[in-house]
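Here are my notes for you to read with the model open beside them. Take the points in order, and find each residue on screen as you go.

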Amino acid sequence: MGLSGCGIAPERHLVNYFTAPELNAAERRRAIARNLRNKRIAEVEVEGLTGPCYALPAHLDMIGDLSEPTGTALICPFDSLLWQRKRAAELLDFRYTLEIYVPRAKRKYGYYVLPILHDGRLVGRLDPKLHRDRRLLEIRALHFEPDFAPTGNFRARLDETIADLADFLGVADMEMSSR
């Protein structure tokens, strides 16, 4: 059904997300109705989202136990968080386009931009370039969301995250073109 991966989702967020992609809209709605009747899923309202949303009852039971998200990470463009671009836009107010197939002159953020997740929020984008021949990781650009003001603490955590990326890639040097 997809809810185990999504947590809470309206029907439109479940299209091709951990579901049988061959289900058409009518079949998906019938499956939702059947699971509601059998109490395998529950209907909930989510502030800011239109229409009914659905969740697994076990997930709803755990909501009170969740801690605030902390940490800073770079998100792969192919991470399941971004599979449904509409979901990322509606839930996280983050519009993301993978620009590797966009002509260079039309790119807004860069070739292989990594979203920056900070304390549970997508706050910006980092444009890395790996120069394998020189074992160099170049950070071509950093773009922050308009309502995000980077703090010293955030910058220190981002620096650690970039250092982890460089270590993972096995580079000998890093270069920051823009900060």
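1. One definition before we start: a residue counts as buried when its relative accessible area is under 20%, as exposed when it is over 50%, and as partly exposed in between. Try it on L165, which sits in helix 5. The relative accessibility of L165 is 19%, so L165 counts as buried. Please also keep in mind that this is a predicted model.

2. Now the whole chain. The chain holds 5 helices and 8 strands. Starting at the N terminus, the order of the elements is α-β-α-β-β-α-β-α-β-β-β-α-β. A box of roughly 60 × 35 × 30 Å, laid along the principal axes, is filled by the C-alpha atoms. Of the 179 residues, 36% are buried.

3. How are the contacts spread along the sequence? If we take contacts between residues at least 6 apart in sequence, 52% of them join residues at least 24 apart. On the outside, the chain exposes about 11000 Å², and carbon and sulfur atoms supply 51% of that area. As for charges, there are 26 positive and 25 negative ones, and their mean positions lie 7 Å apart.

4. Next, the interior. In soluble globular proteins, nonpolar side chains tend to be buried together. The largest nonpolar core here has 15 residues, and the members that touch the most others are L74, I116, L126, L137, F154, L158 and I162. At least two residues each come from strand 5 (114-118), strand 6 (121-131), strand 7 (136-144) and helix 5 (152-169). Which element gives the most to this core? Helix 5 does, with 5 residues. Another core lies apart from this one; it has 9 residues, including L82, F94, I100 and V113.

5. Helix 5 deserves a closer look. With 18 residues at 1.5 Å a residue, helix 5 should span 26 Å, and its end C-alpha atoms are indeed 26 Å apart, so the two values agree. Its buried residues are F154, R157, L158, T161, I162, L165 and A166. Notice that an arginine, R157, is on that list of buried residues. The cover over these buried residues includes strand 4 (72-74), strand 5, strand 6, strand 7 and strand 8 (173-176). Just after the helix comes G170, with a positive phi of about 70°.

6. Two residues of helix 5 show whom the helix meets. Leaving out residues up to four places away in sequence, F154 touches T72, I116, H118, V123, F144 and F148. With the same residues left out, L165 touches L74, L114 and L137. You can also check a distance on screen: L165 and M176 are 11 residues apart along the chain, and their C-alpha atoms are separated by 14 Å.

7. Helix 4 (85-92) comes next, and D93 is in the loop between it and strand 5. The buried residues in helix 4 include R87, A88 and A89. Helix 1 (3-6) and strand 1 (8-10) are among the elements that cover the buried residues of helix 4.

8. Please look at H13 too. H13 lies in the loop between strand 1 and helix 2 (25-37). Is H13 buried or exposed? H13 has a relative accessible area of 0%, so it is buried. Beyond residues up to four places away in sequence, H13 touches Q84, K86, R87, E90 and L91.

9. Finally, two backbone angles to inspect. D93 is not a glycine, yet it has a positive phi of about 50°. D93 follows helix 4. Its relative accessibility is 53%, so D93 counts as exposed. R135, also not a glycine, has a positive phi of about 50° as well. You will find R135 in the loop between strand 6 and strand 7. At 46% relative accessibility, R135 falls between the two cut-offs and therefore counts as partly exposed.

How values were computed: Residues are numbered from 1 along each chain as its sequence is written. This is a predicted model: local features need pLDDT of at least 70, side-chain atom pairs count only at pLDDT 80 or more; totals for chains, interfaces and linings use all residues. Side-chain values use heavy atoms; hydrogens and water are left out. A nonpolar core is a set of buried Ala, Val, Leu, Ile, Met, Phe, Trp, Tyr and Cys residues joined through side-chain atoms within 4.5 Å. Buried means under 20% relative accessible area, exposed over 50%, partly exposed in between (1.4 Å probe, protein chains only). Helices (H or I, at least four residues) and strands (E, at least two) are DSSP runs, numbered from the N terminus. Contact means heavy atoms within 4.5 Å. Accessible areas come from the Shrake-Rupley method with a 1.4 Å probe; for residues, only the protein chains shown count as cover. Lys and Arg count as positive and Asp and Glu as negative; His and the chain ends are not counted. The place of a charge is taken as NZ of Lys, CZ of Arg, CG of Asp or CD of Glu. The expected span of a helix is 1.5 Å times one less than its number of residues.
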